[in-house]
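Colleague: Hey, got a minute to walk me through this model? I'm new to reading structures, so keep it simple.

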Amino acid sequence: MIEVREWTRGDTARLLRVPTSDDDKYSRGVVALRTGSDTYPGAAVLGTEAAWRTGAGFVRYVGGQRAGDAVLARRPETVVGTDTGRSRVDAWVIGSGTDADSRTDAETAALREILAGTARVVVDAGALDLTLGSRAPVLLTPHAKEFASLRTTLRLPASDDEHRAEAAVEVAAVLGATVLLKGAATLIADADGQVIEVASGTAWLATAGTGDVLGGVLGALLAANPHAADAEVAAAGAWLHGYAGRLAAGAIEGTPGHPIVALDVAHALPHAIADLLA
């Protein structure tokens, strides 16, 4: 039976890096996102917003023009453009708001190039199918249906809720990756068999776009913590995201809270971080 570690508020606070007078925008972490699509441009906006609000010092958006225009309209601090060959990138976020079935050959090639690099990569939604054979350190963030599809792609048998931890470890081992399996209780598994459970959120987070926000949070924390274990950074990101959701929904100290939208969660991130660091 796999031993599951419960992640805590204190564990999360350890990985929130407070800038000092010696920091600049680059040392605080550079995040690049290749997310969103003409169908779902909002995914790019949500992920970019979350990366900024989690504390990234520099955020680039590399994607389609419609999504790029939406990102600039919302967050003009973002550098939008395709030239990352000479640009520093500490962490990538790819796949959010995209669909593998409608992906062009050019987009596939661009994503494979990212996955062949050295920067850590958060892989979501429409890029999950490309992770087999990746050379970059990857953090996969599937929800239950995406996870089932990924297991099919990897020719692994179907799994059930009772064996989520074992199934997540199995995928992590096959891919040599870290897997963040979303759910009411989020599980993070790495290729060595470590499993962490995060249960800091609220059911109000079950709404469109919150996964895109999580991608931005994870990208920012990976960029800011280059020497920390991917699984621990992923757990911190999931805990912070869940706590921001609770703050946004007013679901604190046993109160039921209220409906939220994904952008509310991004807006609550600085308040969640301030509370954790107090």
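Modeller: Sure, let's go through salt bridges, a few single residues and a surface patch.

Colleague: What kind of model is this, and how are residues numbered?

Modeller: It's a predicted model, where local features need pLDDT of at least 70 and side-chain atom pairs count only at pLDDT 80 or more, while totals for chains, interfaces and linings use all residues. Residues are numbered from 1 along each chain as its sequence is written, and side-chain values use heavy atoms, with hydrogens and water left out.

Colleague: Cool. How many salt bridges does the structure hold?

Modeller: There are 15 salt bridges. The term means a side-chain nitrogen of Lys or Arg within 4 Å of a carboxyl oxygen of Asp or Glu.

Colleague: Which residue does R120 meet in a salt bridge?

Modeller: R120 pairs with D230 through their side chains, at 2.6 Å from N to O. R120 sits in strand β6 (residues 120-123) and D230 in helix α8 (residues 230-249), so this pair ties together parts that are 110 residues apart in sequence. Helices (H or I, at least four residues) and strands (E, at least two) are DSSP runs, numbered from the N terminus.

Colleague: Are R120 and D230 buried or exposed?

Modeller: Both are buried. Buried means under 20% relative accessible area, exposed means over 50%, and partly exposed is in between, using a 1.4 Å probe and protein chains only. The areas themselves come from the Shrake-Rupley method with that 1.4 Å probe, and for residues only the protein chains shown count as cover.

Colleague: Which residues do shared salt-bridge partners join into one network?

Modeller: E49, R53, R74, R75 and E77 are linked that way. Within it, E77 bridges to R75, with the closest N and O atoms 2.9 Å apart. E77 is partly exposed at 41% relative accessibility, whereas R75 is buried at 16%.

Colleague: And what does D23 form a salt bridge with?

Modeller: With R17, and the closest N and O atoms are 2.9 Å apart. D23 is buried, having a relative accessible area of 17%, but R17 is partly exposed at 41%.

Colleague: Switching topic: where is V71?

Modeller: V71 is in helix α3 (residues 65-74). V71 counts as buried because its relative accessibility is 1%.

Colleague: What is V71 in contact with, leaving aside its neighbours within four places in sequence?

Modeller: A44, V45, T48, Y61, P76, T78 and V80. Contact means heavy atoms within 4.5 Å. Also, V71 and E49 have C-alpha atoms separated by 8.3 Å, though they are 22 residues apart along the chain.

Colleague: And W204, where does that lie?

Modeller: W204 is in the loop between β10 (195-198) and α7 (210-224), and it's partly exposed at 32% relative accessible area. Beyond its neighbours within four places in sequence, W204 is in contact with A249, P256, G257, H258, P259 and I260. From W204 to G257 is 8.0 Å, C-alpha to C-alpha, with their positions 53 residues apart in sequence.

Colleague: What about D101, buried or exposed?

Modeller: D101 is exposed, with 76% relative accessibility. D101 is found in the loop between β5 (91-94) and α4 (105-115).

Colleague: Last one: which residues gather in a patch of negative charge on the surface?

Modeller: D160, D161, E162 and E166. D160 is in the loop between α5 (144-153) and α6 (164-175), and it is partly exposed at 37%. Patches are made of residues with over 30% relative accessible area and no salt bridge, with like charges joined within 9 Å and nonpolar side chains (Val, Leu, Ile, Met, Phe, Trp, Tyr) within 5 Å. Asp and Glu count as negative, Lys and Arg as positive, and His and the chain ends are not counted.

Key:
Charge placed at Lys NZ, Arg CZ, Asp CG, Glu CD.
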